[in-house]
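Please open the model in your viewer and display the side chains. The tour below proceeds by selection, beginning with charged pairs and ending at a nonpolar patch.

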Amino acid sequence: HGSVVQANAALNRGLYYKSEEGVYVCQYFDSDCEAVIYEKKIWIKQRRRMHTECCGYVNKPESMEIVFDVESPEENELELFFRIPAWCKNNYRVFLNGDEIDPKPDKGFVKIKRGWKKDQVILALERKIYVERLPGNEKMVAFLDGPEVLAGLTKDERTLYGDVNHPEKMIVPECDREWEQWISNYRIEGQKKGIRFVPIRQIG
């Protein structure tokens, strides 16, 4: 048992894991990692790319992009493993020093093996609205925006009508952008009464 505060405090324990051959990147949050592999240090700086600085993005990008800057004092040949989450439905792109590469997933991870010195990896994960059916009741689903569960703001229990195989037609963006920040607020479409959906992390 434990509290949400305790869970958040332990979040960093699941970001990276070290093996004899390299480092596994398991979660995608702005963070820094220092490890020693084969008696050589390596630093990994992870940052989410928000695209707000680029005027070419008029609408919210359909992928989550994460930038990894990898540095080592001397060339260090090892393996970096990047988790491919289920919510991207295996739709991803990987770039190494500006060039797209095509590593194949194995047991949920893609692997890049090379001599690392001062390199950059960009991982682009497709992010769309989808649903997950709730155990024990096929008529109940949860709406998700990529990795984020959405919460419907309503005082009463409501029944929604639509094709859950095309959830993007049931809920639509309320507002994609607020100043320099992309937001994930949605509203219901085609129902008698409206409902707003926001990321569940904003509740409480």
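Which residue does the side chain of Arg-187 meet in a salt bridge? Select Arg-187 together with Glu-189: in this predicted model, their side chains form a salt bridge with an N to O distance of 2.9 Å. Arg-187 has a relative accessible area of 37%, and Glu-189 one of 36%. Because partly exposed covers the range between 20% and 50%, Arg-187 belongs to that class, as does Glu-189.

Next, select Arg-127, Asp-145, Glu-148 and Arg-201. These residues are joined into one network by salt bridges that share partners.

Proceed to Asp-102 and Lys-104. Their salt bridge places the closest N and O atoms 2.8 Å apart. Are these two residues buried or exposed? Both Asp-102 and Lys-104 are exposed.

Now select Glu-34 and Lys-41. Here the side chains meet in a salt bridge at 3.6 Å, N to O. Lys-41 has 40% relative accessibility and is therefore counted as partly exposed. In total, the structure contains 12 salt bridges, and the pairs visited here are among them.

For the final stop, turn from charged to nonpolar side chains. Select Val-149, Leu-153, Ile-200 and Ile-203, which make a nonpolar surface patch of about 310 Å². Within this selection, centre the view on Ile-203, which lies in the segment after β14 (196–199). Ile-203 is partly exposed, its relative accessible area being 44%. This value satisfies the patch criterion, because patch residues must have over 30% relative accessible area.

Key
Residues numbered from 1 in each chain as written. Predicted model: local features only at pLDDT ≥ 70, side-chain atom pairs only at ≥ 80, totals over all residues. Heavy atoms only, no water. Salt bridge = Lys/Arg side-chain N within 4 Å of Asp/Glu carboxyl O. Buried < 20%, exposed > 50% of the residue type's maximum accessible area, 1.4 Å probe, protein only. Patch = residues over 30% accessible without salt bridge, like charges linked within 9 Å, V, L, I, M, F, W, Y side chains within 5 Å. Areas by Shrake-Rupley, 256 points an atom, 1.4 Å probe, with all protein chains shown as cover. Helix = DSSP H or I, 4+ residues; strand = E, 2+ residues; numbered from the N terminus.
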